Amino acid sequence: HAAHERILFEQMLGQQAAGEGARQALLEPLAFEVGSSHDGLLAEYSDALAAAGFSLEPFGGDTWLVRAVPAVYSRIDPRRALEETLEGIADGRDLVGESKEAALVAVICKRAAIKGGQVLSLEEMRQLVRQLEACREPSSCPHGRPTMIQLAASELEKAFGRV
């Protein structure tokens with residue numbers, strides 16, 4: 001999970017820097033009522049959300065139209081994707097970037113990354129490791145958790161009673 005977060009984070013930031021944030025357009029716009037729990041949050045982060053791949057427009061009152069979501073959310077219900085992103089922003093725990101945009105991307109990547117217990121094929125695992133090795137900062141996820149640890153052979157031998 002942490003490795004996939006790191007990979008997605010660097011990919012999304014790279015796409016944003018190149019001005020080509022990947023987004024998945026919706027067939028029909030989705031009316032999204034922000035509600036009091038996230039009142040003002042969507043408006044405050046609208047530019048950062050747009051840069052991350054959301055296409056949103058005010059529709060009156062506390063309703064917004066969602067026309068696209070970040071491509072990493074293409075397999076997630078668009079309403080749920082936006083709700084989880086706003087919840088991540090509101091929680092504040094995920095906001096560890098240097099900018100509002102980087103913090104938002106960290107929130108998105110945390111929710112879009114593979115989850116514990118998700119089954120991957122051997123080729124998918126190899127591809128994940130190759131992508132992680134190509135990252136600028138492969139040793140931790142955007143939130144600081146390690147993506148890998150190093151164990152000496154002697155530690156493994158001791159753990160398995162081979163000393």
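The following paragraphs describe the overall fold, the salt bridges and a nonpolar surface patch of a predicted model. Local features were considered at pLDDT of at least 70 and side-chain atom pairs only at pLDDT 80 or more, whereas totals for chains, interfaces and linings use all residues. Residues are numbered from 1 along each chain as its sequence is written, and side-chain values rest on heavy atoms, with hydrogens and water left out.

The protein contains 7 helices and 3 strands, which follow one another along the sequence in the pattern α-β-α-α-β-β-α-α-α-α; helices (H or I, at least four residues) and strands (E, at least two) are DSSP runs numbered from the N terminus. Along the principal axes, the C-alpha atoms fill a box of roughly 70 × 30 × 30 Å. Of the 163 residues, 37% are buried, where buried denotes under 20% relative accessible area, exposed over 50%, and partly exposed the range in between (1.4 Å probe, protein chains only). Among contacts (heavy atoms within 4.5 Å) between residues at least 6 apart in sequence, 68% join residues at least 24 apart.

The structure holds 5 salt bridges, each defined as a side-chain nitrogen of Lys or Arg within 4 Å of a carboxyl oxygen of Asp or Glu. In one of these, the closest N and O atoms of Arg145 and Glu5 are 2.6 Å apart; because Arg145 lies in the loop between H6 and H7 and Glu5 in helix H1, the pair ties together parts that are 140 residues apart in sequence. Glu5 is buried, with a relative accessible area of 0%, while Arg145 is partly exposed at 33%. Helix H1 (residues 2–17) also carries His4, which is buried at 16% relative accessibility and which, leaving aside neighbours within four places in sequence, is in contact with Ala112, Ala113, Ile114 and Leu128.

A further salt bridge, with an N to O distance of 2.8 Å, joins the side chains of Arg67 and Glu57, and thereby links strand S3 (residues 63–70) with strand S2 (residues 55–60). Within helix H4 (residues 78–91), Glu84 and Arg80 are 4 residues apart and hence separated by about one helical turn; their salt bridge has its closest N and O atoms 2.9 Å apart.

On the surface, Ile149, Leu151, Leu156 and Phe160 make a nonpolar patch of about 470 Å². Of these residues, Ile149 is located in the loop between helix H6 (122–133) and helix H7 (153–159) and is exposed, with a relative accessible area of 68%. Patches comprise residues with over 30% relative accessible area and no salt bridge, like charges being joined within 9 Å and nonpolar side chains (Val, Leu, Ile, Met, Phe, Trp, Tyr) within 5 Å; accessible areas come from the Shrake-Rupley method with a 1.4 Å probe, and for residues only the protein chains shown count as cover.
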